[in-house]
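User: Could you take a close look at how the helices pack against one another in this model, and set that in the context of the whole chain? I work at the bench, so please spell out the cut-offs as you go.

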Amino acid sequence: MKLYNTMKRQKEEFVPIEDGKVKMYVCGPTVYDYIHIGNARPYVVFDTLRRYLEFRGYDVNYVQNFTDIDDKIIRKANEEGVTFDVIADRYIKEALKDAEGLNVKKPTVAPRVTEEIDGIISMISYLIEKGYAYEKNGSVYFDTENDEDYGKLSKRDLDQLESGVRIDVDEEKKSPMDFILWKPKKEGEPYWDSPWSKGRPGWHIECSVMAKKYLGDTLDIHAGGEDLIFPHHENEIAQSEAANGKDFVRYWLHNGFIKVDNKKMSKSEGNFFTLREISEQFPYDVVRFYLLSSHYRSPINFSRELMLSAESSLGRIKTCLSNLKFAFENARTKELTEEENTLLKECEEFKKSFIESMDDDLNTADAIASIFDFVRFANTNINENSSAEFSQKIYEKIKELCDILGIETEVKSEEVDTEKIEQLIAERSEAKKAKDFARADAIRNELLDMGIVIEDTRQGVRWYKES
Ligand code: AMP
Ligand code: ZN
(Lines give C-alpha, C1' and ligand atoms only; values in the text may rest on other atoms or scores of the structure.)
(Ligands and ions follow the chains in the order given, each with its own letter.)
Protein backbone atom coordinates (compact mmCIF):
# COMPACT_ATOMS: atom_id res chain seq x y z
CA MET A 1 0.00 0.00 0.00
CA LYS A 2 1.20 3.50 -0.79
CA LEU A 3 0.63 6.45 1.51
CA TYR A 4 1.42 10.12 0.93
CA ASN A 5 4.02 11.08 3.50
CA THR A 6 3.97 14.81 4.26
CA MET A 7 7.58 14.58 5.43
CA LYS A 8 8.74 13.42 2.00
CA ARG A 9 6.03 15.19 0.00
CA GLN A 10 5.40 12.03 -1.98
CA LYS A 11 3.65 8.69 -1.91
CA GLU A 12 5.70 5.90 -0.38
CA GLU A 13 5.21 2.17 0.05
CA PHE A 14 3.93 1.54 3.57
CA VAL A 15 6.20 -0.75 5.55
CA PRO A 16 5.62 -0.86 9.31
CA ILE A 17 8.48 -1.16 11.79
CA GLU A 18 7.27 -4.49 13.09
CA ASP A 19 5.79 -7.08 10.74
CA GLY A 20 2.02 -7.23 10.93
CA LYS A 21 1.72 -4.43 13.50
CA VAL A 22 0.88 -0.75 13.07
CA LYS A 23 1.44 1.94 15.68
CA MET A 24 -0.79 4.86 14.86
CA TYR A 25 -1.47 8.17 16.62
CA VAL A 26 -4.15 10.66 15.59
CA CYS A 27 -4.41 14.07 17.25
CA GLY A 28 -7.82 14.42 18.84
CA PRO A 29 -10.10 17.36 19.50
CA THR A 30 -9.93 20.11 22.10
CA VAL A 31 -13.11 19.57 24.04
CA TYR A 32 -14.86 22.89 24.68
CA ASP A 33 -17.84 22.49 22.34
CA TYR A 34 -19.53 19.98 20.03
CA ILE A 35 -17.25 18.82 17.23
CA HIS A 36 -17.91 20.32 13.80
CA ILE A 37 -17.87 18.48 10.51
CA GLY A 38 -14.28 19.66 9.84
CA ASN A 39 -13.16 17.86 13.01
CA ALA A 40 -15.13 14.82 11.87
CA ARG A 41 -12.98 14.45 8.75
CA PRO A 42 -9.84 13.17 10.52
CA TYR A 43 -12.06 10.98 12.70
CA VAL A 44 -13.59 9.28 9.70
CA VAL A 45 -10.70 9.13 7.24
CA PHE A 46 -8.15 7.79 9.71
CA ASP A 47 -10.68 5.33 11.12
CA THR A 48 -11.09 4.14 7.52
CA LEU A 49 -7.33 3.79 7.18
CA ARG A 50 -7.33 1.73 10.37
CA ARG A 51 -10.17 -0.49 9.12
CA TYR A 52 -8.39 -0.98 5.81
CA LEU A 53 -5.10 -1.88 7.51
CA GLU A 54 -7.01 -4.36 9.68
CA PHE A 55 -8.62 -5.81 6.57
CA ARG A 56 -5.09 -6.23 5.17
CA GLY A 57 -4.26 -8.27 8.26
CA TYR A 58 -2.42 -5.74 10.42
CA ASP A 59 -2.92 -5.48 14.12
CA VAL A 60 -3.43 -1.73 14.63
CA ASN A 61 -2.70 0.02 17.90
CA TYR A 62 -4.66 3.26 17.51
CA VAL A 63 -4.20 6.11 19.96
CA GLN A 64 -6.25 9.30 19.87
CA ASN A 65 -6.07 11.86 22.64
CA PHE A 66 -8.45 14.41 24.10
CA THR A 67 -7.05 17.87 24.85
CA ASP A 68 -9.01 18.46 28.04
CA ILE A 69 -7.25 21.57 29.33
CA ASP A 70 -6.64 24.76 27.35
CA ASP A 71 -7.55 28.46 27.24
CA LYS A 72 -10.83 27.91 25.39
CA ILE A 73 -11.99 25.27 27.87
CA ILE A 74 -11.14 27.57 30.78
CA ARG A 75 -12.94 30.49 29.13
CA LYS A 76 -16.08 28.43 28.61
CA ALA A 77 -15.95 27.17 32.21
CA ASN A 78 -15.73 30.75 33.47
CA GLU A 79 -18.66 31.80 31.30
CA GLU A 80 -20.79 29.03 32.78
CA GLY A 81 -19.42 29.41 36.31
CA VAL A 82 -18.25 25.78 36.50
CA THR A 83 -14.83 24.11 36.77
CA PHE A 84 -12.92 23.24 33.60
CA ASP A 85 -13.41 19.49 34.04
CA VAL A 86 -17.20 19.88 33.89
CA ILE A 87 -16.82 21.35 30.39
CA ALA A 88 -14.21 18.77 29.32
CA ASP A 89 -16.25 15.81 30.62
CA ARG A 90 -19.39 17.06 28.91
CA TYR A 91 -17.80 17.52 25.48
CA ILE A 92 -15.79 14.31 25.66
CA LYS A 93 -19.10 12.51 26.17
CA GLU A 94 -20.63 14.39 23.25
CA ALA A 95 -17.62 13.72 21.00
CA LEU A 96 -17.87 10.02 21.85
CA LYS A 97 -21.55 10.03 20.88
CA ASP A 98 -20.70 11.68 17.56
CA ALA A 99 -17.87 9.21 16.92
CA GLU A 100 -20.21 6.32 17.61
CA GLY A 101 -22.81 7.79 15.27
CA LEU A 102 -20.16 8.05 12.57
CA ASN A 103 -19.30 4.37 13.14
CA VAL A 104 -15.76 5.27 14.17
CA LYS A 105 -14.15 2.35 16.01
CA LYS A 106 -13.04 3.03 19.55
CA PRO A 107 -9.31 3.83 19.76
CA THR A 108 -7.15 1.26 21.51
CA VAL A 109 -6.37 4.03 24.01
CA ALA A 110 -7.96 7.50 24.29
CA PRO A 111 -5.81 9.35 26.84
CA ARG A 112 -6.64 12.74 28.39
CA VAL A 113 -3.96 15.34 29.02
CA THR A 114 -4.90 16.00 32.63
CA GLU A 115 -4.34 12.33 33.43
CA GLU A 116 -0.83 12.42 31.99
CA ILE A 117 0.68 15.37 33.88
CA ASP A 118 3.40 13.30 35.62
CA GLY A 119 4.68 12.00 32.29
CA ILE A 120 4.61 15.53 30.88
CA ILE A 121 6.64 16.88 33.80
CA SER A 122 9.24 14.15 33.43
CA MET A 123 9.68 14.72 29.68
CA ILE A 124 10.05 18.48 30.21
CA SER A 125 12.59 17.89 33.03
CA TYR A 126 14.58 15.64 30.74
CA LEU A 127 14.54 18.20 27.91
CA ILE A 128 15.87 20.86 30.31
CA GLU A 129 18.55 18.49 31.61
CA LYS A 130 19.74 17.77 28.06
CA GLY A 131 19.84 21.47 27.14
CA TYR A 132 16.87 21.38 24.73
CA ALA A 133 14.65 23.49 26.95
CA TYR A 134 15.06 26.33 29.43
CA GLU A 135 13.11 27.84 32.29
CA LYS A 136 12.30 31.54 32.62
CA ASN A 137 10.10 33.03 35.38
CA GLY A 138 8.26 29.76 35.94
CA SER A 139 7.72 29.14 32.21
CA VAL A 140 9.59 26.48 30.25
CA TYR A 141 10.38 26.89 26.54
CA PHE A 142 11.75 24.57 23.91
CA ASP A 143 15.02 25.97 22.54
CA THR A 144 14.55 25.85 18.76
CA GLU A 145 18.00 27.38 18.08
CA ASN A 146 19.45 24.22 19.55
CA ASP A 147 17.61 21.99 17.07
CA GLU A 148 19.20 21.83 13.62
CA ASP A 149 16.25 19.93 12.20
CA TYR A 150 13.56 22.36 13.29
CA GLY A 151 11.24 23.04 10.35
CA LYS A 152 11.82 19.75 8.54
CA LEU A 153 8.16 18.75 8.33
CA SER A 154 6.77 22.13 7.29
CA LYS A 155 9.85 22.78 5.11
CA ARG A 156 10.58 26.15 6.62
CA ASP A 157 13.94 27.11 7.96
CA LEU A 158 14.34 28.85 11.25
CA ASP A 159 15.65 32.15 9.84
CA GLN A 160 12.69 32.39 7.52
CA LEU A 161 10.30 31.59 10.34
CA GLU A 162 11.91 34.03 12.74
CA SER A 163 11.85 36.91 10.29
CA GLY A 164 8.08 36.57 10.02
CA VAL A 165 7.47 36.82 13.74
CA ARG A 166 7.03 40.04 15.66
CA ILE A 167 9.29 40.23 18.69
CA ASP A 168 7.78 41.71 21.82
CA VAL A 169 10.05 43.87 23.96
CA ASP A 170 9.11 42.06 27.13
CA GLU A 171 9.50 38.66 25.46
CA GLU A 172 11.10 36.18 27.83
CA LYS A 173 11.91 33.67 25.06
CA LYS A 174 15.47 33.45 23.74
CA SER A 175 14.26 33.18 20.18
CA PRO A 176 10.86 34.06 18.70
CA MET A 177 10.20 30.52 17.47
CA ASP A 178 10.78 28.92 20.86
CA PHE A 179 7.53 27.43 22.05
CA ILE A 180 6.09 26.88 25.47
CA LEU A 181 6.24 23.54 27.29
CA TRP A 182 4.95 24.66 30.67
CA LYS A 183 3.10 27.84 31.56
CA PRO A 184 2.49 29.32 35.01
CA LYS A 185 -1.12 29.78 36.03
CA LYS A 186 -2.88 33.10 35.82
CA GLU A 187 -5.25 34.23 38.56
CA GLY A 188 -8.14 31.79 38.95
CA GLU A 189 -6.83 29.20 36.49
CA PRO A 190 -6.56 25.47 37.24
CA TYR A 191 -2.99 24.33 37.89
CA TRP A 192 -0.70 21.43 38.73
CA ASP A 193 2.48 21.57 40.82
CA SER A 194 5.75 21.32 38.94
CA PRO A 195 9.45 22.04 39.60
CA TRP A 196 9.06 25.38 37.74
CA SER A 197 5.72 26.83 38.83
CA LYS A 198 2.14 26.00 39.60
CA GLY A 199 0.76 25.83 36.10
CA ARG A 200 -0.15 23.63 33.16
CA PRO A 201 1.44 22.13 30.05
CA GLY A 202 1.64 23.89 26.69
CA TRP A 203 -0.35 22.26 23.90
CA HIS A 204 2.31 20.34 21.95
CA ILE A 205 4.05 18.39 24.70
CA GLU A 206 0.98 16.22 25.44
CA CYS A 207 1.15 14.35 22.14
CA SER A 208 4.88 13.62 22.45
CA VAL A 209 4.32 12.21 25.93
CA MET A 210 1.23 10.15 25.12
CA ALA A 211 2.68 8.80 21.87
CA LYS A 212 5.80 7.61 23.73
CA LYS A 213 3.85 6.12 26.61
CA TYR A 214 1.33 4.18 24.54
CA LEU A 215 3.24 3.47 21.33
CA GLY A 216 6.98 3.86 21.99
CA ASP A 217 9.69 6.16 20.62
CA THR A 218 8.93 5.68 16.92
CA LEU A 219 5.45 5.51 15.42
CA ASP A 220 4.46 4.06 12.09
CA ILE A 221 1.76 6.62 11.35
CA HIS A 222 0.93 9.99 12.85
CA ALA A 223 -2.06 11.83 11.49
CA GLY A 224 -4.28 14.87 11.79
CA GLY A 225 -5.67 17.77 9.80
CA GLU A 226 -3.25 19.74 7.63
CA ASP A 227 -3.49 22.79 9.93
CA LEU A 228 -1.51 20.73 12.44
CA ILE A 229 1.61 20.46 10.24
CA PHE A 230 2.85 23.74 11.62
CA PRO A 231 3.40 24.40 14.43
CA HIS A 232 1.86 21.42 16.25
CA HIS A 233 3.46 18.48 14.46
CA GLU A 234 6.70 20.34 13.85
CA ASN A 235 6.92 20.93 17.58
CA GLU A 236 6.03 17.34 18.42
CA ILE A 237 8.95 16.21 16.25
CA ALA A 238 11.30 18.67 17.97
CA GLN A 239 10.30 17.48 21.47
CA SER A 240 10.15 13.76 20.76
CA GLU A 241 13.37 13.50 18.78
CA ALA A 242 15.23 15.58 21.38
CA ALA A 243 13.84 13.44 24.21
CA ASN A 244 14.17 10.02 22.57
CA GLY A 245 17.15 10.44 20.24
CA LYS A 246 15.25 8.54 17.53
CA ASP A 247 13.11 9.33 14.50
CA PHE A 248 9.65 10.08 15.83
CA VAL A 249 7.38 9.08 12.94
CA ARG A 250 7.76 7.11 9.71
CA TYR A 251 4.65 8.31 7.85
CA TRP A 252 3.03 11.70 8.45
CA LEU A 253 -0.52 11.85 7.09
CA HIS A 254 -2.68 14.97 6.86
CA ASN A 255 -6.24 15.43 5.72
CA GLY A 256 -7.33 18.48 3.72
CA PHE A 257 -9.83 21.03 4.96
CA ILE A 258 -13.55 21.12 4.84
CA LYS A 259 -14.42 24.56 3.60
CA VAL A 260 -17.43 26.80 3.50
CA ASP A 261 -17.43 29.32 0.64
CA ASN A 262 -13.79 28.46 0.07
CA LYS A 263 -12.75 29.29 3.63
CA LYS A 264 -11.61 26.70 6.15
CA MET A 265 -14.44 25.75 8.45
CA SER A 266 -13.38 26.67 11.96
CA LYS A 267 -14.80 27.66 15.29
CA SER A 268 -12.91 30.94 15.32
CA GLU A 269 -14.31 32.00 11.92
CA GLY A 270 -17.80 31.15 13.13
CA ASN A 271 -18.52 29.40 9.78
CA PHE A 272 -18.96 25.96 11.26
CA PHE A 273 -21.71 23.38 11.43
CA THR A 274 -21.64 20.99 14.34
CA LEU A 275 -22.20 17.35 13.59
CA ARG A 276 -25.07 17.44 16.01
CA GLU A 277 -26.97 20.04 14.02
CA ILE A 278 -26.19 18.31 10.72
CA SER A 279 -27.44 15.02 12.14
CA GLU A 280 -30.88 16.58 12.61
CA GLN A 281 -31.17 16.75 8.82
CA PHE A 282 -28.95 13.92 7.62
CA PRO A 283 -28.24 10.61 9.33
CA TYR A 284 -24.66 10.06 10.49
CA ASP A 285 -24.06 7.37 7.89
CA VAL A 286 -24.72 9.94 5.16
CA VAL A 287 -22.14 12.24 6.78
CA ARG A 288 -19.60 9.41 6.79
CA PHE A 289 -20.38 8.61 3.17
CA TYR A 290 -20.02 12.29 2.19
CA LEU A 291 -16.62 12.47 3.95
CA LEU A 292 -15.37 9.38 2.10
CA SER A 293 -16.71 10.45 -1.28
CA SER A 294 -13.61 12.53 -1.96
CA HIS A 295 -9.94 11.81 -1.48
CA TYR A 296 -8.87 12.66 2.08
CA ARG A 297 -6.17 15.11 0.97
CA SER A 298 -8.43 17.17 -1.31
CA PRO A 299 -10.17 20.16 0.17
CA ILE A 300 -13.95 19.73 0.08
CA ASN A 301 -16.78 22.14 0.36
CA PHE A 302 -19.58 21.59 2.73
CA SER A 303 -22.99 22.22 1.22
CA ARG A 304 -26.52 20.94 1.45
CA GLU A 305 -26.37 19.89 -2.22
CA LEU A 306 -23.36 17.65 -1.58
CA MET A 307 -25.05 16.11 1.43
CA LEU A 308 -28.21 15.46 -0.57
CA SER A 309 -26.17 13.85 -3.29
CA ALA A 310 -24.36 11.67 -0.71
CA GLU A 311 -27.74 10.70 0.72
CA SER A 312 -29.08 9.58 -2.63
CA SER A 313 -25.88 7.69 -3.55
CA LEU A 314 -25.84 5.84 -0.26
CA GLY A 315 -29.53 5.14 -0.77
CA ARG A 316 -28.74 3.41 -4.08
CA ILE A 317 -26.31 1.06 -2.33
CA LYS A 318 -28.76 0.32 0.48
CA THR A 319 -31.63 -0.31 -1.92
CA CYS A 320 -29.51 -2.70 -3.94
CA LEU A 321 -28.55 -4.62 -0.80
CA SER A 322 -32.08 -4.78 0.43
CA ASN A 323 -33.22 -6.07 -3.00
CA LEU A 324 -30.50 -8.72 -2.83
CA LYS A 325 -31.58 -9.72 0.63
CA PHE A 326 -35.18 -10.04 -0.44
CA ALA A 327 -34.04 -12.03 -3.48
CA PHE A 328 -32.12 -14.62 -1.48
CA GLU A 329 -34.68 -14.90 1.28
CA ASN A 330 -37.45 -15.55 -1.23
CA ALA A 331 -35.62 -17.32 -4.05
CA ARG A 332 -37.30 -20.26 -5.75
CA THR A 333 -34.08 -22.17 -6.33
CA LYS A 334 -31.16 -22.70 -4.05
CA GLU A 335 -28.14 -23.75 -6.02
CA LEU A 336 -25.91 -21.75 -8.35
CA THR A 337 -26.35 -22.28 -12.06
CA GLU A 338 -23.32 -22.55 -14.29
CA GLU A 339 -23.98 -19.13 -15.74
CA GLU A 340 -24.20 -17.65 -12.25
CA ASN A 341 -20.94 -19.30 -11.37
CA THR A 342 -19.25 -17.53 -14.27
CA LEU A 343 -20.83 -14.23 -13.28
CA LEU A 344 -19.56 -14.65 -9.72
CA LYS A 345 -16.03 -15.01 -11.04
CA GLU A 346 -16.46 -11.77 -12.98
CA CYS A 347 -17.33 -9.95 -9.74
CA GLU A 348 -13.82 -10.48 -8.39
CA GLU A 349 -12.85 -7.52 -10.61
CA PHE A 350 -14.84 -5.13 -8.44
CA LYS A 351 -13.02 -6.14 -5.28
CA LYS A 352 -9.69 -6.03 -7.08
CA SER A 353 -10.20 -2.48 -8.29
CA PHE A 354 -11.53 -1.47 -4.86
CA ILE A 355 -8.30 -2.72 -3.28
CA GLU A 356 -6.15 -1.04 -5.91
CA SER A 357 -7.80 2.29 -5.13
CA MET A 358 -7.43 1.86 -1.39
CA ASP A 359 -3.80 0.85 -1.85
CA ASP A 360 -3.24 4.08 -3.72
CA ASP A 361 -3.06 6.44 -0.75
CA LEU A 362 -6.52 5.49 0.51
CA ASN A 363 -8.43 6.66 -2.53
CA THR A 364 -11.89 6.14 -1.08
CA ALA A 365 -13.51 8.15 -3.89
CA ASP A 366 -12.40 5.60 -6.49
CA ALA A 367 -13.09 2.72 -4.10
CA ILE A 368 -16.70 3.92 -3.82
CA ALA A 369 -16.87 4.08 -7.62
CA SER A 370 -16.00 0.34 -7.67
CA ILE A 371 -18.85 -0.32 -5.23
CA PHE A 372 -21.19 1.46 -7.65
CA ASP A 373 -19.94 -0.67 -10.53
CA PHE A 374 -20.75 -3.68 -8.39
CA VAL A 375 -24.21 -2.31 -7.57
CA ARG A 376 -24.94 -1.78 -11.27
CA PHE A 377 -23.79 -5.34 -11.95
CA ALA A 378 -26.12 -6.65 -9.24
CA ASN A 379 -29.07 -4.61 -10.49
CA THR A 380 -28.54 -5.98 -13.98
CA ASN A 381 -27.97 -9.61 -13.08
CA ILE A 382 -30.32 -10.36 -10.22
CA ASN A 383 -33.91 -11.17 -11.01
CA GLU A 384 -36.68 -13.38 -9.67
CA ASN A 385 -35.09 -16.43 -11.27
CA SER A 386 -31.77 -15.97 -9.50
CA SER A 387 -30.74 -18.70 -7.11
CA ALA A 388 -30.52 -17.98 -3.39
CA GLU A 389 -26.82 -18.77 -3.38
CA PHE A 390 -26.10 -16.31 -6.18
CA SER A 391 -27.97 -13.36 -4.60
CA GLN A 392 -26.51 -14.09 -1.21
CA LYS A 393 -22.93 -14.27 -2.46
CA ILE A 394 -23.31 -10.97 -4.33
CA TYR A 395 -24.89 -9.45 -1.23
CA GLU A 396 -22.00 -10.57 0.97
CA LYS A 397 -19.36 -9.35 -1.45
CA ILE A 398 -20.84 -5.85 -1.75
CA LYS A 399 -21.33 -5.70 2.00
CA GLU A 400 -17.72 -6.69 2.63
CA LEU A 401 -16.50 -3.64 0.68
CA CYS A 402 -18.94 -1.34 2.48
CA ASP A 403 -17.77 -2.71 5.84
CA ILE A 404 -14.15 -1.88 5.05
CA LEU A 405 -15.23 1.74 4.61
CA GLY A 406 -17.32 1.58 7.79
CA ILE A 407 -20.43 2.30 5.73
CA GLU A 408 -23.45 0.85 7.44
CA THR A 409 -25.75 -0.81 4.97
CA GLU A 410 -28.55 -2.14 7.10
CA VAL A 411 -31.49 0.02 7.96
CA LYS A 412 -31.14 0.19 11.73
CA SER A 413 -34.01 -1.50 13.49
CA GLU A 414 -34.63 1.48 15.78
CA GLU A 415 -35.21 3.62 12.68
CA VAL A 416 -38.30 1.60 11.79
CA ASP A 417 -41.02 -0.07 13.81
CA THR A 418 -40.89 -3.47 12.11
CA GLU A 419 -43.72 -4.97 14.11
CA LYS A 420 -46.12 -2.16 13.26
CA ILE A 421 -45.18 -2.27 9.57
CA GLU A 422 -45.74 -6.00 9.32
CA GLN A 423 -49.05 -5.73 11.09
CA LEU A 424 -50.20 -3.03 8.64
CA ILE A 425 -49.06 -5.13 5.69
CA ALA A 426 -51.05 -8.10 7.01
CA GLU A 427 -54.12 -5.88 7.44
CA ARG A 428 -53.70 -4.63 3.90
CA SER A 429 -53.57 -8.18 2.56
CA GLU A 430 -56.75 -8.99 4.47
CA ALA A 431 -58.44 -5.87 3.06
CA LYS A 432 -57.41 -6.84 -0.46
CA LYS A 433 -58.74 -10.34 0.03
CA ALA A 434 -62.04 -8.86 1.18
CA LYS A 435 -61.94 -6.59 -1.91
CA ASP A 436 -61.87 -3.52 0.34
CA PHE A 437 -59.47 -1.64 -1.95
CA ALA A 438 -60.10 1.74 -0.35
CA ARG A 439 -58.86 0.36 2.97
CA ALA A 440 -55.89 -1.30 1.26
CA ASP A 441 -54.90 2.00 -0.37
CA ALA A 442 -55.33 3.87 2.88
CA ILE A 443 -52.91 1.47 4.56
CA ARG A 444 -50.41 1.86 1.72
CA ASN A 445 -50.58 5.64 2.20
CA GLU A 446 -50.21 5.34 5.93
CA LEU A 447 -47.03 3.31 5.35
CA LEU A 448 -45.79 5.85 2.82
CA ASP A 449 -46.22 8.59 5.42
CA MET A 450 -43.91 6.54 7.63
CA GLY A 451 -41.40 6.48 4.76
CA ILE A 452 -42.13 2.81 4.02
CA VAL A 453 -42.56 1.69 0.43
CA ILE A 454 -44.32 -1.61 -0.32
CA GLU A 455 -44.17 -3.66 -3.45
CA ASP A 456 -46.33 -6.57 -4.49
CA THR A 457 -44.09 -9.19 -6.04
CA ARG A 458 -44.62 -12.74 -7.18
CA GLN A 459 -42.79 -13.86 -4.09
CA GLY A 460 -45.07 -11.85 -1.80
CA VAL A 461 -45.22 -8.35 -0.38
CA ARG A 462 -41.91 -6.70 0.35
CA TRP A 463 -41.22 -3.40 2.03
CA TYR A 464 -38.28 -1.08 2.48
CA LYS A 465 -37.54 2.28 3.97
CA GLU A 466 -37.46 5.03 1.39
CA SER A 467 -33.96 6.48 1.03
P1 AMP B 1 -9.12 20.89 16.98
O2 AMP B 1 -10.20 20.52 17.93
O3 AMP B 1 -9.27 22.26 16.37
O4 AMP B 1 -7.75 20.67 17.56
O5 AMP B 1 -9.22 19.90 15.71
C6 AMP B 1 -9.32 18.50 15.77
C7 AMP B 1 -8.93 17.92 14.44
O8 AMP B 1 -9.79 18.42 13.39
C9 AMP B 1 -7.51 18.26 13.98
O10 AMP B 1 -6.93 17.11 13.38
C11 AMP B 1 -7.72 19.36 12.96
O12 AMP B 1 -6.67 19.43 12.04
C13 AMP B 1 -8.99 18.91 12.30
N14 AMP B 1 -9.73 20.02 11.63
C15 AMP B 1 -10.14 21.18 12.20
N16 AMP B 1 -10.83 21.94 11.30
C17 AMP B 1 -10.87 21.24 10.13
C18 AMP B 1 -11.46 21.47 8.83
N19 AMP B 1 -12.15 22.56 8.55
N20 AMP B 1 -11.31 20.53 7.89
C21 AMP B 1 -10.63 19.37 8.15
N22 AMP B 1 -10.06 19.09 9.34
C23 AMP B 1 -10.17 20.00 10.34
ZN1 ZN C 1 -1.04 16.21 18.55
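Analyst: The chain has 15 helices and 15 strands; these are DSSP runs numbered from the N terminus, with at least four residues for a helix (H or I) and at least two for a strand (E). This is a predicted model, in which local features need pLDDT of at least 70 and side-chain atom pairs count only at pLDDT 80 or more, while totals for chains, interfaces and linings use all residues. Residues are numbered from 1 along each chain as its sequence is written, chains are lettered from A and ligands numbered from 1 in the order in which they are written, and side-chain values use heavy atoms, with hydrogens and water left out.

Along the principal axes, the C-alpha atoms occupy a box of roughly 90 × 50 × 35 Å. Of the 467 residues, 52% count as buried, meaning under 20% relative accessible area, with exposed being over 50% and partly exposed in between (1.4 Å probe, protein chains only). Among contacts between residues at least 6 apart in sequence, 76% join residues at least 24 apart; a contact here means heavy atoms within 4.5 Å.

Now to the helices you asked about. Helix H12 (residues 364–381) takes part in both of the pairs below. With helix H10 (residues 304–329), the axes come within 10 Å and cross at roughly 40 degrees; axes are lines fitted to C-alpha atoms, for helices over the stretch in contact, and angles run from 0 to 180 degrees between N-to-C directions. That makes H10 oblique to H12, since angles under 35 degrees count as roughly parallel, over 145 as roughly antiparallel, 65 to 115 as roughly perpendicular and the rest as oblique. The crossing of H10 and H12 is left-handed, that is, the near helix is turned anticlockwise from the far one by less than a right angle (clockwise would be right-handed). On the H10 side, the contact is made by Ser313, Arg316, Ile317, Cys320 and Leu324, and on the H12 side by Ile371, Phe372, Val375, Arg376, Ala378 and Asn379. By class, that gives seven nonpolar, two polar and two charged residues, where Ala, Val, Leu, Ile, Met, Phe, Trp, Tyr, Cys and Pro count as nonpolar, Asp, Glu, Lys and Arg as charged, and the others, Gly among them, as polar.

The other partner is helix H13 (residues 388–404), whose axis comes within 10 Å of that of H12 and crosses it at roughly 165 degrees. H12 and H13 are therefore roughly antiparallel, and their crossing is left-handed. Here Ile371, Phe374, Val375, Phe377, Ala378 and Asn381 of H12 meet Phe390, Ile394, Lys397, Ile398, Leu401 and Cys402 of H13. This contact divides into ten nonpolar residues, one polar and one charged. Ile371, Val375 and Ala378 appear in the contact with H10 and in the contact with H13.

One further spot may interest you. Phe248 sits in the loop between helix H7 (229–244) and strand E10 (249–255), and at 1% relative accessibility Phe248 counts as buried. Beyond its neighbours within four places in sequence, Phe248 touches residues including Leu219, His222, Glu236, Ile237 and Ser240. The C-alpha atoms of Phe248 and Glu236, twelve residues apart along the chain, are separated by 8.5 Å.
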